[in-house]
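Colleague: I should be grateful for a close look at a single part of this model. Please take one sheet together with what packs on it, and describe them in a connected way.

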Amino acid sequence: MSHARTAAPPAARDTRAAERGLRRTRQRTAVLETLGRCQDFVSAQELHALMTASGSAVGLTTVYRTLRELGRAGLVDVVRDEGGERLYLQRPTDEHGHYLICRCCGRSQPVDAEVVERWAERLGESTGFAGLEHTLELSGVCARCQAADETTPCRQSPTRDTAAMNARTDEPPVSLPAPAWALRAAEPTDVEVIAELRATVMRPDLERLGRFDACRVRQRLRDSFSPRHTSVIVADGAFAGCVTLRPDDDGQWLEHFYLDPALQGRGLGSAVLRSLLERTDAAGDLVRLNVLQGSAARRLYERHGFSVEEQDPIDVYMVRRPGAQRPLQSG
């Protein structure tokens, strides 16, 4: 994904922010400056990685919150990827734009959608509604990716997709002992097996939301993979999953927690999570994460002391304070 674009003049950028009631802060300025150099839509995680690489000490939680503020203020355009994750691009004018986005490489191209704007205006006038808002998401496969051969990252083989589709993640627990397990530091070469596991375990939830795309679900992992902060789960001597803990403003951000479906229901996920939380409790750290609405993973996190901090129709943002226990159940 390309990230080279001329940033908006700082004075103009700050003026637009001030006009929308956003005061200038070091963190907001750093987010806007980095976002202004991005040519294509980026996720909060990708933006945070770019900021970290440039030496900016802004936590992932702050990046999430700042982007949501900028979105509400109309300073960035926001779209959703195949998994419902928000992607952001700095808005060059006060009018929101429409974009055609490649599902494989993520390249974005502005499109003339004046007909949509006129239709929305007429609809408001005819119904008496004011302040209409709308979202138009256009995606496809760009010419470059269409020309790519089957060995490139964005072209996945049908047999691998079929294997992902047949993997079940909603089976009831079985009475099998938990396997012997350990964590090891991830290596850059682990990225493909982790990307494949992500596609497998996320497919049911993404298909339920009508957002599964075999190409992008893997590419999103590749784009945000951080070996430095990722641990590989090894069970009975074999690859079993992964989990990432990234340092954040006031604690840690838990993400990419994936477990081989064949090992689910045996207490392995809970054992790994307990081990991680013992570590964060000892450090006195908050832990934050987000899950998709309706995901069974939410129940796992609630059992380990996480509570809802914020949510929208697609995402549930959760937080766990040091030493938090599972909430008591009434009755």
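**The open sheet and helix 10**

Modeller: At 10% relative accessibility, histidine 256 counts as buried, the cut-off being under 20%. The model is a predicted one, and histidine 256 is a convenient place to enter the sheet, since this residue belongs to strand 9, residues 251-259. Its backbone deserves attention: phi of histidine 256 is near 50 degrees, a positive value in a residue that is not glycine.

Strand 9 is part of an open sheet of seven strands, arranged in the order 6-7-8-9-10-12-11 with mixed pairing. The edges are formed by strand 6 (181-185) and strand 11 (307-311), each of which pairs on one side only. From one strand to the next, the twist averages 30 degrees.

Within this order, strand 8 and strand 9 run antiparallel and are joined by six bridges. Leucine 245 has leucine 254 of strand 9 as its bridge partner.

Helix 10 packs on the sheet, where it touches strand 6, strand 7, strand 8, strand 9, strand 10 (286-292) and strand 12 (315-320). The direction of helix 10 makes about 165 degrees with that of strand 9. The helix comprises 16 residues, 268-283. At 1.5 Å a residue they should span 22 Å, and the end C-alpha atoms are 23 Å apart, so the expected and modelled lengths agree.

Which residues of helix 10 are buried? They are Leu268, Gly269, Ser270, Ala271, Val272, Leu273, Leu276, Leu277 and Thr280. Just after the helix comes glycine 284, which takes a positive phi of about 70 degrees.

A further positive phi occurs at aspartate 236, with a value of about 50 degrees, although this residue is not a glycine. Aspartate 236 lies in the loop between strand 7 (230-235) and strand 8 (238-247). Is this residue buried or exposed? Aspartate 236 has a relative accessible area of 59% and is therefore exposed, the cut-off being over 50%. Histidine 256, by contrast, is buried at 10%.

For a view beyond the sheet, one may turn to helix 2, residues 26-36. Eight of its eleven residues are buried, so helix 2 is largely enclosed by the rest of the structure. The buried residues of helix 2 are Arg28, Thr29, Ala30, Val31, Leu32, Thr34, Leu35 and Gly36.

Terms used. Residues numbered from 1 in each chain as written. Predicted model: local features only at pLDDT ≥ 70, side-chain atom pairs only at ≥ 80, totals over all residues. Heavy atoms only, no water. Helix = DSSP H or I, 4+ residues; strand = E, 2+ residues; numbered from the N terminus. Expected span 1.5 Å × (residues − 1). Buried < 20%, exposed > 50% of the residue type's maximum accessible area, 1.4 Å probe, protein only. Pairing = 2+ DSSP bridges. Axes fitted to C-alpha atoms, helices over the stretch in contact; angles between N-to-C directions. Contact = heavy atoms within 4.5 Å.
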